[in-house]
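Here are my notes on the model, set out as numbered points. Please read them with the coordinates open beside you.

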Amino acid sequence: MRILLVEDHVELSRWLSKALQDAHLNVECARNGADADSLLLTQEYALVILDLTLPKMDGLEVLKRMRARGNRAPVLILTARGGLTDRVNGLNLGADDYLAKPFELEELEARVKALLRRSQNNEAVTVSCGALSFDTVSRTFTYGGELLALTPREHAVLEALLVRHGHTVPKEKLFQQVFSLDDNASIDAIEIYIHRLRKKLEHAGPGRVSITTLRGLGYLLQAA
C-alpha cells in the first residue's frame, strides 16, 4: 500500500519514511504543499500523512483541494499546530485523524494501521479498554454501552489516553493535544479535565476504567 508523507522537515521525513517502510509500507515523500497537491492530482494513495505548516501551500489547503476533487483517501494530520481550533478545522475539512508533534512512533503506527484497516474494510474501527469504546468513524465514545457526553477538550484528553491505554501519557503530551501555543493556559489545566473525566468514568459495573496519576510521569488509563 502506498502512503504519501507530506513533511518539510528533512530529517523527520527521512526518519518517518524509514519507520513506515520497516512496517512494510510503500512511502512516497513530498516536501511542500504544491508538490503534494500535484501528486494527489495524478497518483492514488492508500493514506496521506499531512503536515500543516508547509512551504508553497498550507496543509489545510492541500486537504481542502483534495476533498473538493472527490479524493477520499484517509488523511492523518501530523503537526506541531496541535491546538483544539486547528484540530477542529482539519477534521471539518475532511481529515480522518490528528496527531500532534512531538509524538510516539508507536502511536503513529497504530493510528496509520487503524486508518488503513478502516479504509480497506469500509467500516468503523473501534478502540476499546474495558467498557470504554471509541468509534473512529463517528468519533464517539460509549461507556458500558451508553453514549458518553464530553466537551471537546475532555474528548481530546480521553482519546489521547485511550489510544495508548496501558501506557503512561505525559501531562505535556496531553497539553499539546488540547491547547495551542496561542491559548492562555497553564499545563496544570490538564488536571481539571482529568478530574472531570474521572467523574464521568465512575462506573460500578463490569469493565470499569480508571485514570491513575503517576507523579512525575503522567496519566495511565486502564481497566480496573
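1. I begin with lysine 56, which sits in the loop between β3 (47-50) and α3 (59-68). This is a predicted model, and in it lysine 56 has a positive phi of about 70° although the residue is not a glycine. Lysine 56 has a relative accessible area of 70%, and because exposed means over 50%, the residue counts as exposed.

2. A second residue deserves the same kind of check. Histidine 24, in the loop between α1 and β2 (26-30), has a phi near 70°, again a positive value in a residue other than glycine. Its relative accessibility is 73%, so histidine 24 is classed as exposed. As background to both points, most residues other than glycine have a negative phi.

3. As to the overall fold, the protein contains 8 helices and 12 strands. For 224 residues, a compact globule would be expected to have a radius of gyration near 17 Å, and the 18 Å of the protein agrees with that. Taken along the principal axes, the box filled by the C-alpha atoms is roughly 55 × 40 × 30 Å.

4. On packing, 48% of the 224 residues count as buried. If one considers the contacts with a separation of 6 or more, residues 24 or more positions apart account for 56% of them.

5. On the surface and the charges, the accessible surface of the protein comes to about 11,000 Å², and 50% of this belongs to carbon and sulfur atoms. There are 28 positive and 29 negative side chains, and the centres of these two sets lie 2 Å apart.

6. Which residues does glutamate 107 touch, once those up to four places away in sequence are not counted? They are Leu99, Val163, Arg164 and Lys173. Glutamate 107 is found in helix α5, and its relative accessibility of 3% falls under the 20% limit, so this acidic side chain belongs to a residue that counts as buried.

7. Leucine 148 lies in the loop between β9 (146-147) and α6 (152-163), and with a relative accessible area of 14% it is buried. Leaving aside neighbours within four places in sequence, leucine 148 is in contact with Leu132, Phe141, Thr142, Tyr143, Leu158, Lys200 and Leu201. As a reference distance across the model, leucine 148 and leucine 54 are 36 Å apart in space, C-alpha to C-alpha, with their positions 94 residues apart in sequence.

8. The count of aromatic pairs comes to 2. One of them is formed by tryptophan 15 and phenylalanine 103, with 6.3 Å from centre to centre and 35° between the planes, and it is described as tilted. The pair links distant parts of the chain, since tryptophan 15 belongs to helix α1 (residues 10-22) while phenylalanine 103 lies in the loop between β5 (97-100) and α5 (105-121), 88 residues apart.

9. Are the two members of that pair, tryptophan 15 and phenylalanine 103, buried or partly exposed? Tryptophan 15 has a relative accessibility of 42% and therefore counts as partly exposed, whereas phenylalanine 103, at 15%, counts as buried.

Notes. Residues are numbered from 1 along each chain as its sequence is written. This is a predicted model: local features need pLDDT of at least 70, side-chain atom pairs count only at pLDDT 80 or more; totals for chains, interfaces and linings use all residues. Side-chain values use heavy atoms; hydrogens and water are left out. Rings of Phe, Tyr and Trp (its six-membered ring) pair if their centres lie within 6.5 Å; planes under 30 degrees apart count as stacked, over 60 as edge-to-face and the rest as tilted. Helices (H or I, at least four residues) and strands (E, at least two) are DSSP runs, numbered from the N terminus. Buried means under 20% relative accessible area, exposed over 50%, partly exposed in between (1.4 Å probe, protein chains only). The radius of gyration is taken over C-alpha atoms; the globule rule is 2.2 Å times the number of residues to the power 0.38. Contact means heavy atoms within 4.5 Å. Accessible areas come from the Shrake-Rupley method with a 1.4 Å probe; for residues, only the protein chains shown count as cover. The place of a charge is taken as NZ of Lys, CZ of Arg, CG of Asp or CD of Glu.
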